[in-house]
Amino acid sequence: AEGIPFGLGSMRIVNRYKSAIHTFDVKQFCPDVPVFANIGLVQLNYGFGIDEINNLIKCIKADGLFVHLNHTQEACQPEGDVNFENLISKFAELLPHICAPVIVKGVGHGIEKASVEKLINMGVRVIDISGTGGTSWAWIEGRRQPYTKEEENIGYIFRDVGERTDVCLQASSTIAERSSTSLIAGGGIRTGVDVAKSLTMGASHATAAMPFLAAAMESPEAVRHVIRRIKKELRVAMFACGASNIENLKKMHSTRRPSL
């Protein structure tokens, strides 16, 4: 095993069909690898309270919890949950009572500086900013609906609305550092070079899904190959810029020419 932590898919189905919990019980296959449960923030308005959340975490022996912010995706989804009323105050009330570390994450539209600051003030200390540049969940939901013209499809229209991953990182890195908050770079991470760049922009970690899911459709060995490829690319990137370890790499800073 490569020992890479991973997050499960959305677990909202468990609150509607209790028997579905066994489909998320993967910790038995990787007892030494951190596994994160995953719910949407909007589920606080659809039956998830502190008891349901903690029970979810304990049932699958999760090491932490992803809470994803996917309002655009839900609005583009045929059966989307779109009651987002009072979610911030509800989350703030529940946060101290959740029985495992919490990571708030975007889903490909970015979490801009103002929202990062609000989450930090609430007590969140790990945020996956998940900007545009990778998989568009709005467009995935759009593709699930009948359409004849892309330009009239709601998911297509909102496919790249938001802020890019690099923009989100650079905008929020200072306030995150001041509050000892970790920013995770998600959204468009495809290579070890992408990981290296994100670490120089203020990220503490980087995440990806598509490269691994595509490989998983082939075989476990294909997934292992992707992991090892990304690791090698990261090592070469560090070598090329003279960083002897990850902490040294984080002290370096990426710049972008205006013309790029």
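# A guided tour from Ser130 outward

Start by selecting Ser130, which, leaving aside neighbours within four places in sequence, is in contact with Gly106, Val107, Gly108, His109, Gly110, Thr165, Ile184, Gly186 and Gly187. The model on screen is a predicted one, and every value along this tour was computed from its atoms.

Keep Ser130 selected and trace the chain around it: the residue sits in the loop between strand S5 (126-128) and H6. Is Ser130 buried or exposed? With a relative accessibility of 7%, Ser130 counts as buried, since the cut-off for that class is under 20%. Add His109 to the selection and draw a C-alpha to C-alpha distance, which comes to 6.6 Å for two residues that are 21 apart in sequence. Then inspect the backbone of Ser130, where phi is positive at about 35 degrees although the residue is not a glycine. Most residues other than glycine have a negative phi.

A second backbone of this kind can be found at Asn86, a residue other than glycine whose phi is positive and near 60 degrees. To reach Asn86, go to the loop between helix H3 (71-76) and helix H4 (87-94). Asn86 is partly exposed, its relative accessible area being 49%.

Next, select Lys105, in strand S4 (residues 102-105). Which residues does Lys105 touch, if those up to four places away in sequence are not counted? The list consists of Phe66, Val67, His68, Leu69, Ile111 and Asp128. Lys105 is counted as buried, at 17% relative accessibility. For a long view across the model, connect the C-alpha atoms of Lys105 and Glu247, which are 142 residues apart along the chain and separated by 23 Å.

From Lys105, move to its contact partner Phe66, which brings the tour to the aromatic rings. The structure holds 3 aromatic pairs, and one of them joins Phe66 to Phe36 in a tilted arrangement, with 5.3 Å from centre to centre and 40 degrees between the planes. Colour the strands to see where these two rings come from: Phe36 belongs to strand S2 (residues 35-40) and Phe66 to strand S3 (residues 64-68), so the pair ties together parts that are 30 residues apart in sequence. Both Phe36 and Phe66 are buried.

Now select Trp139 and Tyr156, an aromatic pair that is edge-to-face, with 70 degrees between the planes and 5.3 Å from centre to centre. Here the elements involved are helices: Trp139 lies in helix H6 (residues 137-143) and Tyr156 in helix H7 (residues 154-157), so this pair ties together parts that are 17 residues apart in sequence. If you switch on a surface coloured by accessibility, Trp139 is buried at a relative accessible area of 16%, whereas Tyr156, at 23%, counts as partly exposed. Extend the selection to Tyr147, because Trp139, Tyr147 and Tyr156 form one aromatic cluster under the ring-pair criterion, in which centres lie within 6.5 Å.

For a stop at the surface, go to His22, in the loop between helix H1 (13-16) and S2. His22 is exposed, with a relative accessible area of 58%. How far apart in space are His22 and Ile60, C-alpha to C-alpha? The separation is 8.1 Å, for two residues that are 38 apart in sequence.

Finally, clear the selection and view the whole protein, whose secondary structure comes to 12 helices and 7 strands. The radius of gyration is 19 Å, close to the 18 Å that the globule rule gives for 260 residues, so the protein is as compact as a globular protein of that length. Along the principal axes, the C-alpha trace spans about 50 × 45 × 45 Å.

With a surface displayed over this view, the protein exposes about 14,200 Å², of which carbon and sulfur atoms supply 55%, while buried residues make up 42% of the 260 residues. If you draw a contact map and keep the contacts between residues at least 6 apart in sequence, 67% of these join residues at least 24 apart. As a last step, colour by charge: the mean positions of the 29 positive and 27 negative charges are 5 Å apart.

Note on methods: Residues are numbered from 1 along each chain as its sequence is written. This is a predicted model: local features need pLDDT of at least 70, side-chain atom pairs count only at pLDDT 80 or more; totals for chains, interfaces and linings use all residues. Side-chain values use heavy atoms; hydrogens and water are left out. Helices (H or I, at least four residues) and strands (E, at least two) are DSSP runs, numbered from the N terminus. The radius of gyration is taken over C-alpha atoms; the globule rule is 2.2 Å times the number of residues to the power 0.38. Buried means under 20% relative accessible area, exposed over 50%, partly exposed in between (1.4 Å probe, protein chains only). Contact means heavy atoms within 4.5 Å. Accessible areas come from the Shrake-Rupley method with a 1.4 Å probe; for residues, only the protein chains shown count as cover. Lys and Arg count as positive and Asp and Glu as negative; His and the chain ends are not counted. The place of a charge is taken as NZ of Lys, CZ of Arg, CG of Asp or CD of Glu. Rings of Phe, Tyr and Trp (its six-membered ring) pair if their centres lie within 6.5 Å; planes under 30 degrees apart count as stacked, over 60 as edge-to-face and the rest as tilted.
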